[in-house]
Amino acid sequence: MDILLNVLKDKKIKEEIIISGSKSESNRLLILQNLFPEISIKNLSDSDDSVHMQHALSTNKDIVDIGHAGTAMRFLTSYFAVKEGREVVLTGSERMQNRPIEILVNALKDLGAEISYEAKTGYPPIRVKGTKITKNKVQINGNVSSQYISSLLLIASKLENGLTIELLGDITSIPYINMTISLLHQLNIDATFSGNVIKVSPKTSIKKQTVVVESDWSSASYFYSIIASAELGSSIQLSAYKQESLQGDSCLVEIYQHFGVTTSFGDNFIILKKEKETLKDTLEIDLKNAPDIAQTIAVTCFSEGISCSLTGLHTLKIKETDRLEALKAELTKLGARISVTDKSLYLEKSSEIITNIGVKTYNDHRMAMAFAPLALKVPIKILNAEVVTKSFQNFWENMQQIGIKIDKL
């Protein structure tokens, strides 16, 4: 489905939006719930990724297809590796079969897991034979996807001797590792992270409890982008959020002050308000701890006519698409002057946005949602717009609620 977003001009926004639970927290908790049935979950994400995860955890089939869900692929690799007596082939979309998994597989095999490749070495599909793992020490590079590390952490307490993980080199996306450890702590599982070593103690059972998932901060980023380009005095209330968040993307609160957006915290909600005009100097940010909001920030800077230098983006090349090259291609079509490396992006100041451009989404939900706020400036087409359901089922309905007119093409 291709859509045309018609420009929203001269309208002060004042809306309340409810956002589904964090995909990152939900998928971690779904794994933990299947390891510890004492857990109940509230405000679970309604994203495609979480739906795929639930289906994969409940199916008895020998082939488990998780589509585009990268988090599910990584977390389920470890999960099925410790399911004694179970053998599955984990596969996914064509893009998923070109996203690397070898670093995680090697770490699990070092521990004694039985995993083999069905086609290309280092990539899905993979065959996983569940086995009892007794080794309790492993090394893994710290500058790879934090999901590899979280995948190991989620099963660690179910290993009879626990697990010690030594992270080699620089450590990327520490907030996502800390999120996983914090969820373990909520379940009274002993876990420590000191220097470059993480230790998790074994745990056979936990107390019965309900865990409430905080809403997704990366989903909130698109509303920050909208308010950044809206009239002074515009505001959006988003539920359900808390000030002491486990999510690294909550750094949006500080970053969007550059665009005159303030964030006030209420009881389980936040209010975004456009208080000042955007500062016109260059925005320079290292996003190694929150790479998922890079697309949103780059598009906001382009919309607001300021330059930006974004670094710490090396993981973006192995996402649903090569997000750096995709950003360069689509922003260039809109009139931007942009350059990228394998881990950074530089956008020059721009005074004009070319109208009625069709933005390709590359089967990447964040491409569709990051470019949508440009509708506050010019009419814009979003191609393959339904891709947003991967993480945000009601995104386009929320855009209409704000006042953006949407026509199917």
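Ala, Val, Leu, Ile, Met, Phe, Trp, Tyr, Cys and Pro are counted here as nonpolar, Asp, Glu, Lys and Arg as charged, and the others, Gly among them, as polar. On that basis, the lining of the largest pocket in this predicted model comprises 4 nonpolar, 1 polar and 5 charged residues. The nonpolar residues of this lining include Leu 35, Val 82, Ile 133 and Leu 159. Thr 131 falls in the polar class. Among the charged residues are Lys 83, Glu 84, Lys 132, Lys 158 and Glu 160. The pocket holds about 200 Å³ of space.

The enclosed space was examined next. The count comes to 1 cavity of 30 Å³ or more. About 380 Å³ of space lies in the largest cavity. Its lining is made up of 31 residues, of which Thr 71, Gln 147, Tyr 176, Asp 292 and Lys 319 are the closest to the centre. Several helices contribute to this lining. Helix H1 (23-35), helix H3 (70-81), helix H5 (146-156), helix H6 (174-186) and helix H11 (365-371) each supply at least two residues. By class, the cavity lining divides into 5 nonpolar, 13 polar and 13 charged residues.

The overall dimensions were then considered. The protein chain contains 12 helices and 22 strands. Its radius of gyration is 21 Å. A compact globule of 409 residues would have a value near 22 Å, so the two agree. Along the principal axes, the C-alpha atoms fill a box of roughly 65 × 45 × 40 Å.

One open sheet has 4 strands in the order S4-S5-S7-S6, with mixed pairing. Strand S4 (63-65) and strand S6 (114-117) are the edge strands. Each has a single partner strand, so one side of each lacks a neighbour in the sheet. On average, neighbouring strands of this sheet are turned by 25° against each other, direction ignored. S6 and strand S7 (residues 126-129) run antiparallel and are joined by 4 bridges. Glu 114 has Lys 129 in S7 as its bridge partner. Helix H4 (residues 102-111) packs on the sheet and touches S6 and S7. The direction of H4 makes about 145° with that of S6.

Another open sheet of 4 strands follows the order S16-S17-S19-S18, also with mixed pairing. Strand S16 (283-286) and strand S18 (338-340) stand at its edges. Each of these has a single partner strand, so one side of each is left without a neighbour in the sheet. Here the average turn between neighbouring strands is 5°, direction ignored. S18 runs antiparallel to strand S19 (residues 344-347), and 3 bridges join them. Ile 338 has Leu 347 in S19 as its bridge partner. Helix H9 (residues 294-304) packs on this sheet, touching S16, strand S17 (308-311) and S19. The direction of H9 makes about 170° with that of S17. Helix H10 (residues 323-333) packs on the sheet as well, in contact with S18 and S19. The direction of H10 makes about 170° with that of S18.

Backbone geometry was also inspected. Most residues other than glycine have a negative phi, and most peptide bonds are trans. A cis peptide bond joins Pro 124 and Pro 125, with omega about 5°. Pro 125 sits in the loop between S6 and S7. Ser 239 and Ala 240 are likewise joined by a cis peptide bond, with omega about 0°. Ala 240 lies in the loop between strand S13 (235-239) and helix H8 (252-255). Tyr 362 has a positive phi, near 55°. Its place is in the loop between strand S20 (358-359) and helix H11.

Definitions and conventions: Residues are numbered from 1 along each chain as its sequence is written. This is a predicted model: local features need pLDDT of at least 70, side-chain atom pairs count only at pLDDT 80 or more; totals for chains, interfaces and linings use all residues. Side-chain values use heavy atoms; hydrogens and water are left out. Two strands pair if DSSP finds at least two bridges between them. Axes are lines fitted to C-alpha atoms, for helices over the stretch in contact, and angles run from 0 to 180 degrees between N-to-C directions. Contact means heavy atoms within 4.5 Å. On a 1 Å grid over the protein atoms alone, a cavity is a set of points where a 1.4 Å probe fits but cannot get out, and a pocket is an open set with protein on both sides within 12 Å along at least five of seven lines; lining residues have an atom within 4 Å of a point. Grid points are joined across faces, edges and corners, and a volume is the space filled by probe spheres set on the points. The radius of gyration is taken over C-alpha atoms; the globule rule is 2.2 Å times the number of residues to the power 0.38.
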